Amino acid sequence: MKRKAVTIQALLCAAALSACGSRTGKDVTPPDGKLDGCTLRFSWWGGDDRHEATLNALELWETLHPEIVIVPEYGGWDGWTEKVTAQMKGGTAPDVMQINYDWLISMSPDGTGFYDLETIPGYPDISGFDSEVLSFGRAGGRLNAVPVSISGRGLFYNSLVYDRLGASYPSTWEELFELGDRFSGSGAYPLDLDIQSGGTAWYLAVVYVQQQTGRQFITMDGHLGFTTEDLRAVLDFYKELEERHVIRTIQTRTDEDGSAALYQSPEFISGKVAGVLEWGSSVGKYEMVLPDGALEAGPLLTDGEHTGGWMVKPSLMYAVSAGTEYPDEAAAFIDFLLNNGDCAEMLGTTRGIPSSSFARERLENTGRLNGLANDCAGLLDSVDTVTISPYMELPRMKEYYNDAIESVSYGTADTASAAEALYSSLTEYLEKIRR
Amino acid sequence: MKTKTCNNPVGTGKYTGLLLISPFIAGFLLFTAYPFFASLVLGMTETAGGELRFAGTDTFKTMLRDSGFRKAVGVTVKYTLILVPLKLAVSLFAALLLNMGIRGIGVYRTVFYIPSILGSSLAAVIMWQYLFTSDGLADQLLGLAGLPHISWYGDGRYALWMIILLRLWEFGSAMILFLNALRDIPAEYYEAVKVDGCGSIRAFFTITLPLLRNAIFLNLILQTIAAMQEFSAPYMITGGGPMKSTETVGMLIYNEMFRFGDISMANAVSWGLFMLIASAVIILFRLTGGMKEEM
Amino acid sequence: MKAFRKIPAYLLLTLLGAVMLYPLLWLVGASFKSNEEIYSSAWFMPESFDLSVYRNAWRTVTPYTMGHYFLNTFLIIIPKTVFAVVSSVLVAYGFARFDFPMKRFWFALLMGSMFMPAIVTVMPVYMFWGWLGLLDTYIPLTLPSLFACEGAFVFMIVQFLRGVPKEFDEAARIDGCSTLGILVHILVPCIRPVIVSVSVFTFLWTMNDFLQPLIMISSVEKYPLSLILRLSADSTGDGYEQRKILAMSVIGLIPSVAVFAIAQKKFVSGITTGGLTG
């Protein structure tokens, strides 16, 4: 019986060519403990700033290790997941990759999708990393990736609008609701939440309920920590934000902004929408479209008693492909990107505030750590944060949250039934994909 | 149409034809049949941690039960039923205007075609943004005409129309095919009816339309297939929203394949779409008498 | 007198032309506008013309200018167009003029291949090219066109060939023309407009194609233009400036518009009796 199954599998594999080969037949090249001359492919996605800074850093690398040639492969975010997915499945992934947090689940469910960095002697130097930070890069107990930076969402406000209305930034949830009343007369809104790819609407409501209940929405090992009641509380919280004029309804928001991101929308630029929940590491684009210094970080909301519930996660990570022929060299290159002081200076905060203490110190000493990103990191440091589970970030999960929020916003479902439907979708899906 | 003269009018051997179409057969095997089969296999092996499991019928059942799939089919059919007739009418109308022997026809042809070049690129997305958001150009024009504000992006009833308008605006390719056909109608035909004292509208129905039958059929088939496979315009402009009102089957496949990484579901939905298009095309062939007489 | 009668037609054409063109004028204008200005005014004219946007766009953030990427794009488009035309014409000729075993079946396959959503084949095709070691070359983007892989083109040409009387072929055969000779000397001239159409469609679709090159090409120096247009569009992190994207799009549009403007004359100059009437 078993032999039969194997034969069928072999036949199907032949049909799918390398399909199965990439999964089982690939040899992992063991490290040899020295650096040889070779060519490494390195891929990342990003915007112009990151491209430019990284290309500069590569020039620096060339002067240090002319024998190890780095071939850069980079592009915009759109379609990048698709590209890397194809490369991973086809066994043609670049030697070194910038990866996203949730890719660990989808591309390396058992920890064999990427190279185990701890098996490479000496490289990369992880002594500058917090062990908790490193644990984000582990899959199946193996160190698959090293987080470049840790980031969490914070609240940022347009000070010009707040000053004009004589309002101050909220520090409790109740104050946030009260702001809605104060703003409603002016036609402006104190905050913006969305159900686009970022899904800040769901995010803030989860923070609220996590703080109230002390439960983690989704645990690190992929179980739903919330009850149906908790999910209902999330949706109720969201609905109340809309009803009390804290945020625009989804319909109004979509009408006004279309598919554009908030920082490109006239409503944000003109100050009609005066607040945003954003990753500290990428708030720069909002800052840029407002007058200088107008955007300020506000306190992380509490209920006056608890401060927990706010979340952090590794914003980006570096990984080495499992099929690389040059593990030592790839690891040395990652080490350079993470820890080299000169490199850190060139890269600045284009990938967030570095988690590596070596890089961070260098930026501190040269006065590069300031501004909103740093303010946000400081605020998050001062509260008891929850780590975002990689499962929470999976695209299908986000689709479920956003659907629930949307149905509540449009009034096609009440929060109780939406919560029930959501509970069963989430548990069913987590069941299916848990590693 | 002409009657069939003989089975093998000019070909020499029985296999000449086969030889001529052999690139297609090879290409079909290599780039259509094989990848599909391989994709099915991938779908089967990907699930449950690389363990081989035949999930085919299960996936199909899940798909048919799934309200998302049923809704996407509804959206796709509605989209096709509205877009295709409108696009054919507009492109035929433009082609007729251009065929009136006017000066500067090249300029007009180019101008009419430029939107089609844009496709559903970022530029088109930004443009639609400008046209249809609140206070956008469309809204201002409606206001001038004394009509009420329309919630284009936020209301499911209108969001699909926004996509339809983009694709309608890009009628260039269909227009080109009509122009090709119109140019081949000999002018004497029109002279003849003019002598009979026919108006130009009657001439259109008695001469132009019947002679354009093949071109209309060709456009109908090509546009129907393209519309039913639509994914990039809603993907870029509305992301499928609001409330999935613009999520086409094509988009569903893309999402399953790339966003959610569920290859077997993507395959199942693809077969669903295949059946849908095949039945639509068969219906069209039946209704119009298609190419029966020659095939 | 005659020209006078056409005034309504001109009016209609101009009106239609304006509707078609205004958004594009806006697009060009908007490429000079800041994020604030871009949606705040309905009028296409920017407040000022600052050409530095275009200079930046042309330079790109990569070590190469857009000129380099234009060249790459043409290295893909030219062979692809030639392949597509030659193979589609041959296959269409086979279908339109010959009888052979299982013809209906093959034709059904041809139609059927148009119904299949290509997205699910991307991954296996990618692996196939990887297995041949041809990833990151232009072969995966061009070679498939040699196999008449666009069913729509074949179908279009078949329809046109049906409009060419078979007596033409017969006469030529009596004159001693070979099978291919008939195609090249008699039929191709008759269906020239549709051949031009096929080339132009291939050109334009390839210009816009994003997913295929994104997945098949990994070296930045080999990127075609469509990838460069999105190189700066990072919607998750740093964000991007819309005017830069628009400026790049405008630059990218120029060859397409030029090709179309040149080719459009040929669209409709087929020999009468050819084509789609019948």
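Start by selecting A:Phe333: setting aside residues up to four places away in sequence, this side chain's residue touches A:Leu40, A:Phe42, A:Ile68, A:Ile70 and A:Val96. Bear in mind as you click around that this is a predicted model.

Now widen the selection to the core around that residue. The largest nonpolar core holds 303 residues, and A:Phe333 and C:Ile157 are the two that touch the most other members. Which helix gives this core its largest share? Colour helix H5 of chain C, residues 66–97, which supplies 14 residues. Then look back at chain A: domain 1 (38–150 + 314–381) and domain 2 (152–312 + 384–434) both contribute residues, so the core lies between them. As background, nonpolar side chains in soluble globular proteins tend to be buried together.

**Next stop: the two domains of chain A**

Give each domain its own colour, using the assignment of 38–150 + 314–381 for domain 1 and 152–312 + 384–434 for domain 2. If you place a marker at each centre, taken over C-alpha atoms, the two markers in chain A sit 29 Å apart. Where they meet, 16 residues of domain 1 of chain A are in contact with 19 residues of domain 2 of chain A.

Stay on the domain 1 side of that contact and pick out helix H5 (103–107), strand S6 (145–151) and helix H17 (372–381) of chain A, the elements that give two or more residues to it. H17(A) gives the most, with seven residues. Colour this side by class and you get 11 nonpolar, three polar and two charged residues.

**Across to chain C**

Show chains A and C together. Their contact takes 37 residues from chain A and 33 residues from chain C. On the chain C side, select helix H3 (35–40), helix H7 (122–131) and helix H13 (211–216), each of which supplies at least two residues. Which of the helices has the largest share of the side of chain C that touches chain A? That is H7(C), with seven residues. By class, this side of chain C has 18 nonpolar, 11 polar and four charged residues.

Now hide chain A and take in chain C by itself. You should find 15 helices and zero strands. The C-alpha trace of chain C spans about 70 × 70 × 30 Å along its principal axes. Of the 278 residues of chain C, 53% count as buried. Of the contacts in chain C with a separation of 6 or more, 76% are between residues 24 or more positions apart.

**Then chain B**

Swap to chain B, where there are 14 helices and zero strands. Of its 295 residues, 49% count as buried. For contacts in chain B between residues at least 6 apart in sequence, 67% join residues at least 24 apart.

**Last stop: confidence in chain A**

Recolour chain A by pLDDT. The average is 89, and 94% of the residues score at least 70. Which elements of chain A mark the lowest and the highest mean pLDDT? Helix H2 (residues 18–25) of chain A has the lowest, at 44, while helix H10 (residues 228–243) of chain A has the highest, at 97.

Two stretches deserve a click. Residues 1–8 of chain A have pLDDT below 50, and beyond near neighbours in sequence this stretch has one contact in the model. Residues 17–25 of chain A also fall below 50, with 22 contacts in the model beyond near neighbours in sequence. Where pLDDT is low, the predicted coordinates should not be read in detail.

Methods:
Residues numbered from 1 in each chain as written. Chains lettered and ligands numbered in written order. Predicted model: local features only at pLDDT ≥ 70, side-chain atom pairs only at ≥ 80, totals over all residues. Core = buried A, V, L, I, M, F, W, Y, C linked by C-beta atoms within 7 Å. Buried ≥ 20, exposed ≤ 12 C-beta atoms within 10 Å, placed from the backbone. Helix = DSSP H or I, 4+ residues; strand = E, 2+ residues; numbered from the N terminus. Domains from an automatic or database assignment. Contact = placed C-beta atoms within 7 Å. Nonpolar A, V, L, I, M, F, W, Y, C, P; charged D, E, K, R; others polar. pLDDT = per-residue confidence, 0-100.
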